[in-house]
Amino acid sequence: PFERGNRLIDLGAISLAPDATTLAEVEVRAEKSEMQMMLDKRVFNVGKDLANMGGSAVEILDNVPSVTVDVEGAVSLRGGAVRILVDGKPSGLLSVDDASSLRQLPADLIDRIEVITNPSARYEAEGLAGIINIILRKDKRAGLNGSFDLTAGYPEQFGAAVNLNYRKNNFNFFTNYGITYRGAPGGGSRFQEFFLEGDTSNISEQERDINRGGWSNNIRFGADYYFNERNILTTSFLYKIADESNFTTLSFNDFIKTGGSDRVPTSITERIDEEQEDETNLEYA
């Protein structure tokens with residue numbers, strides 16, 4: 001009933017019944033590598049795609065446009081020589097042989113790659129095609145953050161990586177550890193026949209067998225103090241232990257052949273190259 005004094009309206013009984021089932025929220029997240037074009041450089045953000053997981057810095061660089069990595073692991077930018085930095089400066093992670101050092105740096109420790117084709121004077125890159133700056137992981141979110149990665153592959157590729165980060169107020173503490181073992185077998189053969197005067201020919205055969213691999217350990221830890229978003233004081237320590245071995249067997253077989261006769265051996269040579277690389281670096285920045 002309606003009453004003018006208290007303005008009450010009786011609607012009677014109202015029945016409600018569901019006509020559909022409501023599901024809980026479903027959230028799908030993905031992280032993909034992407035390229036960012038900036039005024040003075042291009043930035044390749046390393047995502048979680050399978051092309052980068054479980055590999056080394058060499059595999060990541062091979063996916064960056066305009067960067068070329070040959071079969072020996074040597075890196076070039078637009079076909080020219082390039083300078084490689086870590087976190088904007090020379091680093092103990094890279095020894096005299098950049099190709100060997102890049103194979104020992106796990107991809108799980110890398111956050112992004114900066115390609116600088118027109119570097120400023122502060123980089124001292126005169127005569128080079130540009131600079132590749134490898135930025136290692138460091139989380140900026142508050143609280144404790146971390147990631148753990150285990151990888152395995154064939155032939156003989158095993159690795160593990162740990163990234164931990166703790167930030168509170170203006171302080172940020174970080175640590176990275178990566179260990180890898182890689183085996184890289186290879187080989188090849190060559191056949192040459194030199195035809196001389198008459199029906200005589202010299203034949204040379206070459207067989208090559210290569211086995212390259214070893215262990216690598218990298219540990220890095222440090223702290224940041226944020227005065228503001230544009231001014232940060234950072235201190236860090238880096239310790240690297242690497243033990244690689246390269247074993248090559250090279251066989252030469254020379255023959256002479258006359259007319260329709262069988263090949264007659266003239267010389268057999270076997271050369272064995274064994275190289276051990278024991279690299280230990282300690283760096284403070």
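The exercises below, each with a worked solution, concern a predicted model.

In this predicted model, local features need pLDDT of at least 70 and side-chain atom pairs count only at pLDDT 80 or more, whereas totals for chains, interfaces and linings use all residues. Residues are numbered from 1 along each chain as its sequence is written, and side-chain values use heavy atoms, with hydrogens and water left out.

**Exercise 1. The sheet**

Task: Give the strand order of the five-stranded open sheet and name its edge strands.

Solution.

Step 1. Helices (H or I, at least four residues) and strands (E, at least two) are DSSP runs, numbered from the N terminus. Two strands pair if DSSP finds at least two bridges between them.

Step 2. Strand 1 pairs with strand 2 in the antiparallel sense, over four bridges. Gln36 has Val43 of strand 2 as its bridge partner. The connection from strand 1 to strand 2 is a hairpin of four residues.

Step 3. Strand 2 also pairs with strand 6, again antiparallel and over four bridges. Here Asn45 has Arg112 of strand 6 as its bridge partner.

Step 4. The full order is 1-2-6-7-5, with mixed pairing. Strand 1 and strand 5 are the edge strands, each pairing on one side only. From one strand to the next, the twist averages 20 degrees (axes are lines fitted to C-alpha atoms, for helices over the stretch in contact, and angles run from 0 to 180 degrees between N-to-C directions).

Step 5. For the side chains of strand 2, buried means under 20% relative accessible area, exposed over 50%, and partly exposed in between (1.4 Å probe, protein chains only). Arg42 and Phe44 point one way from strand 2, Val43 and Asn45 point the other way, and all are buried.

**Exercise 2. The largest nonpolar core**

Task: Identify the residues of the largest nonpolar core that touch the most other members, and the elements that give two or more residues to this core.

Solution.

Step 1. A nonpolar core is a set of buried Ala, Val, Leu, Ile, Met, Phe, Trp, Tyr and Cys residues joined through side-chain atoms within 4.5 Å.

Step 2. The largest such core has 25 residues, and Val75, Ile110, Ile113, Ile132 and Ile134 touch the most other members.

Step 3. Two or more residues each come from helix 1 (57-62), strand 3 (67-69), strand 4 (75-77), strand 5 (82-86), strand 6 (110-116) and strand 7 (130-136). Helix 1 gives the largest share, four residues.

Step 4. Contact means heavy atoms within 4.5 Å. Leaving out residues up to four places away in sequence, Ile132 touches Leu61, Val67, Val75, Val82, Arg83, Ile84, Leu85, Ile113 and Glu114.

**Exercise 3. Salt bridges**

Task: How many salt bridges are found in the whole structure, and which residues are linked with Glu114 in a network?

Solution.

Step 1. A salt bridge is a side-chain nitrogen of Lys or Arg within 4 Å of a carboxyl oxygen of Asp or Glu. The search finds six.

Step 2. One of them joins Glu114 and Lys41, at 3.3 Å from N to O. Glu114 is in strand 6 and Lys41 in the loop between strand 1 (34-37) and strand 2 (42-45), so this pair ties together parts 73 residues apart in sequence. Glu114 counts as buried because its relative accessibility is 6%.

Step 3. Glu114 forms a salt bridge with Arg112 as well, with the closest N and O atoms 3.6 Å apart. Arg112, at 26% relative accessibility, counts as partly exposed. The network of salt bridges links Lys41, Asp111, Arg112 and Glu114.

Step 4. In another salt bridge, the closest N and O atoms of Glu59 and Arg182 are 3.2 Å apart. Glu59 lies in helix 1 and Arg182 in strand 10 (residues 171-195), so the pair ties together parts that are 123 residues apart in sequence. Glu59 counts as partly exposed, at 29% relative accessibility.

**Exercise 4. Ser201**

Task: Is Ser201 buried or exposed, and which side chain makes a polar contact with the side chain of Ser201?

Solution.

Step 1. Ser201 is located in strand 11 (residues 200-228). Its relative accessibility is 4%, so Ser201 counts as buried.

Step 2. A polar contact is a pair of N or O atoms within 3.5 Å; within protein, one must be able to donate a hydrogen and the other to accept it, and residues adjacent in sequence count only if both atoms are side-chain atoms. The partner side chain is that of Glu193, at 3.2 Å.
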